[in-house]
Amino acid sequence: MTGKSILSIGEAMVELSPSGQDGLWRLGIAGDTLNTAWYLRRLLPTDWRVAYCSRVGLGEFSQQMVDFLAAEGIDATHVGRDPGREIAVYAISLKDGERSFSYWRDTSAAKGLADDPAALASALAGVGIAYFSGITLGILPPAGRAALIGALATARAAGTQVVFDPNLRPRLWPDATAMCREIEAAAAVADLVLPSFDDERSFFGDADPQATVARYLARGAGQVVVKAGGDAIRYGGREGAGLVEGLPREVPVDTTAAGDSFNAGYLAARLDGADIPAAIRRAHDLSRRVIRHRGALVPEAVAQG
């Protein structure tokens, strides 16, 4: 890696989450790649720089997002401004602890986060780890996706470790075929892929997590760790292969950010020197704590264990 810095790339949104009191909602700032950046900031030593790359508008809620990043210790240098678009909004609905989402993102400024190749290259220059997701890809137009993947490939060749969560969300894509094609193209430039087995089984037809590992390795990924919703976690690749079993299960209050926090916990543990099985266990423990609370971002004391 080229430096003690992480750049998370994607779309942050205004989050409306149930407060637990009838008719009352909580307003926050969240989004899959931002969630992972937030948890990384809580877990990593202060000498690590955690930054976010996105695009927002000029309005009040966009400014709240930028202010939020600053308050949470996340570098917003590479959050661009779009005078014609605004930050998106999503709302969480819960049923027996499982979440579903409603979105208002058609005019999201983040759709233009890869429009300026020079700005993208500048954001990635010298970064130790670049993190992005299938949602990052799904919000972008075709030219933006190609630009982002190209910039990540260039950064990887220069020493940046590229980490990718496929985070399959079909509503962002014209069809499932296009989604799967682009997801696998992105995995080809990744040193680490962090898929969720339920999604991979649904859209790629994988028979088991080992099939998910094998498929992403065949596409060019360096290492794959397959999240499994509390079941045993399979991993494989150039750093070794195995199965981590006996993970304690949790009855969820809200599964929002379960995978995002797992990704942060895994990366932080590996950067702390943990081997893959130990990192998986630490990531699972964080995810268990997160799903006991409402919303994507839990109280800081909970996140830090």
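Select β1 and β8: these two strands pair in the parallel sense over three bridges. The model on screen is a predicted one. Within this pairing, find Tyr131 in β8 and look across to the residue opposite, which is Ser8.

**Strand β8**

Keep β8 (129-133) selected and colour its residues by burial. Five of the five are buried, so the strand is largely enclosed by the rest of the structure. Now show the side chains. Ile129, Tyr131 and Ser133 point one way, while Ala130 and Phe132 point the other way. Residues on both sides count as buried, because each has under 20% relative accessible area.

**From β8 to β9 and β10**

Add β9 to the selection. Strands β8 and β9 run parallel and are joined by five bridges. One pair to pick out is Phe132 with Phe164, its bridge partner in β9.

Next, add β10 (residues 192-193), which pairs with β9 (residues 161-165) in the parallel sense over two bridges. Here Val163 stands opposite Leu192 of β10.

**The whole sheet**

Which strands make up the open sheet, and in what order? Select all nine: the order is β5-β4-β1-β8-β9-β10-β11-β12-β13, and the pairing is mixed. At the edges are β5 and β13 (242-244), each of which pairs on one side only.

**Helix α5**

Show helix α5 (residues 142-157) as a cartoon over the strands. The helix lies across β1 (5-9), β8 and β9, and runs at about 155 degrees to β8.

Step back from α5 to the loop between α4 (134-139) and α5, and select Leu140 there. Is Leu140 buried or exposed? Its relative accessible area is 4%, so Leu140 is buried. To see what surrounds Leu140, leave out residues up to four places away in sequence; the residues it touches are then Ala110, Lys111, Leu113, Ala114, Arg145 and Leu148. For a distance across the model, draw a line between the C-alpha atoms of Leu140 and His293: they are 31 Å apart, with these positions 153 residues apart along the chain.

**Helix α3**

Move to helix α3 (residues 117-124) and select its buried residues, Leu120, Ala123 and Leu124. Look down the helix axis. The buried residues of α3 fall within an arc of 90 degrees, so they line one face of the helix. What do they pack against? Their partners are β1, β4 (49-56), β5, β8 and α5.

Then check the two ends of α3. At the N-terminal end, Asp116 acts as a cap, with a side-chain oxygen 3.1 Å from the backbone nitrogen of Ala118. After the helix comes Gly126, which has a positive phi, near 75 degrees.

**The loop after β5**

Finish at Asp82, in the loop between β5 (75-81) and β6 (88-95). Asp82 has 14% relative accessibility, so this residue counts as buried. Show its side chain together with the backbone of Gly84: a polar atom of the Asp82 side chain lies 2.8 Å from the backbone nitrogen of Gly84. Then hide the neighbours of Asp82 within four places in sequence. The residues still in contact with Asp82 are Arg55, Val56, Gly57, Leu58 and Ala109.

Methods: Residues numbered from 1 in each chain as written. Predicted model: local features only at pLDDT ≥ 70, side-chain atom pairs only at ≥ 80, totals over all residues. Heavy atoms only, no water. Helix = DSSP H or I, 4+ residues; strand = E, 2+ residues; numbered from the N terminus. Buried < 20%, exposed > 50% of the residue type's maximum accessible area, 1.4 Å probe, protein only. Polar contact = N/O pair within 3.5 Å; in protein donor to acceptor, adjacent residues only side chain to side chain. Contact = heavy atoms within 4.5 Å. Pairing = 2+ DSSP bridges. Axes fitted to C-alpha atoms, helices over the stretch in contact; angles between N-to-C directions. Arc of directions from axis to C-beta.
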